[in-house]
Amino acid sequence: MKILTIRRNLCGQIVHDLGRQILGGEIQPGQAIPNESVLCERMGVSRTVIREAVKSLAAKGLVRSRAKLGTMVLPSDSWNFLDPDVLEWQAQTDVDGSLLRHLTQFRHGLEPAAAAFAAQCASDDELQAIRDAFQAMEGAVESVEAFLAADLRFHTSILHATGNPFFSPVANVIRAALKSSIRVTNRQSAENRKSIPLHQAVMKAIWDRDSVAADDAMRTLLSDARARIQKAGGGKRRR
């Protein structure tokens, strides 16, 4: 069991290193990653570990192995951007703010509808989960990390309360967006306090079963977040 754990840890490190190189543009789409013998020597691991790592990257849509050509990086439209590792690697290599901009756009297209559906479909337990998350936010305004965790609970609770199973997998996107945006906009606890009434309006509309108000409240919340991101200098467009 210990050997298996070590092998998995080594495999994970290789997946992380190669994933960052791909997302960071060091290895471009259409190019091959280093071959097995090179990676074995460079990383000090066996071919079995390298092959496991390549399988993991392939499952994320980043690479494909081809006879005589090696393991090639696929075009970015094949990458699974909902995968938490892919999102994390992109965040680590997001030098121009494009990830934060794209995530914010994605949230604007998704979360107002999710709030509206939650107002229509949430069970009593799901409503309570949204309220509990909001109350956790109220109690965590002095801490960026605790507030982020509670904020994430709030938004994912709404996704789960839609009654639509296809909303839940995008929680990874919301997590990445919140991590990126809160660290740009909420560096002071006062910023946490400013967003509390906006979240409260979303919660109240959902509890009132008012789908139109829930949609509007979520749009207002996200518009405020976008404005604060722009003010803080995040999400800049490439020149």
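Is His199 buried or exposed? With a relative accessibility of 3%, below the 20% cut-off, His199 counts as buried. The model on display is a predicted one, and the tour below begins with the whole chain before returning to this histidine.

**The whole protein**

Display the protein as a cartoon and colour it by secondary structure. Ten helices and two strands appear. Read from the N terminus, the order of elements is α-α-α-β-β-α-α-α-α-α-α-α. Next, switch to a surface representation: the accessible surface amounts to about 12,700 Å², and carbon and sulfur atoms account for 51% of it. Of the 239 residues in the protein, 44% are buried. A contact map adds a further view: among contacts between residues at least 6 apart in sequence, 72% link residues at least 24 apart.

**The hairpin**

Select residues 63-66 and 70-73, which are strand 1 and strand 2. The two strands pair in the antiparallel sense through four bridges. Within this pairing, Arg66 lies opposite Gly70 of strand 2. Three residues sit between the strands of the hairpin, and Lys68 adopts a positive phi near 70 degrees.

**His199 and its surroundings**

Now select residues 189-207, helix 9, and show the side chain of His199 within this helix. Its side chain forms a polar contact of 3.0 Å with the side chain of Asp151. Leaving aside residues up to four places away in sequence, His199 touches Phe134, Met137, Asp151, Phe154, His155 and Leu221.

**The largest nonpolar core**

In soluble globular proteins, nonpolar side chains tend to be buried together. Here the largest nonpolar core holds 36 residues, and those touching the most other members are Ile130, Phe154, Ile158, Leu159, Val202 and Ile206. Six helices each supply at least two residues of this core: helix 5 (98-121), helix 6 (124-138), helix 7 (144-160), helix 8 (171-185), helix 9 and helix 10 (211-232). Helix 7 contributes the most, with seven residues.

Centre the view on Val202. Apart from residues up to four places away in sequence, Val202 touches Phe154, Ile158, Ala217, Met218 and Leu221. Phe154 and Leu221 are also among the contacts of His199.

**The second core**

For the last stop, select Leu18, Ile22, Ile50 and Trp89. These residues are included in a second, separate core of 23 residues.

Notes:
Residues are numbered from 1 along each chain as its sequence is written. This is a predicted model: local features need pLDDT of at least 70, side-chain atom pairs count only at pLDDT 80 or more; totals for chains, interfaces and linings use all residues. Side-chain values use heavy atoms; hydrogens and water are left out. Buried means under 20% relative accessible area, exposed over 50%, partly exposed in between (1.4 Å probe, protein chains only). Contact means heavy atoms within 4.5 Å. Accessible areas come from the Shrake-Rupley method with a 1.4 Å probe; for residues, only the protein chains shown count as cover. A polar contact is a pair of N or O atoms within 3.5 Å; within protein, one must be able to donate a hydrogen and the other to accept it, and residues adjacent in sequence count only if both atoms are side-chain atoms. Two strands pair if DSSP finds at least two bridges between them. A nonpolar core is a set of buried Ala, Val, Leu, Ile, Met, Phe, Trp, Tyr and Cys residues joined through side-chain atoms within 4.5 Å.
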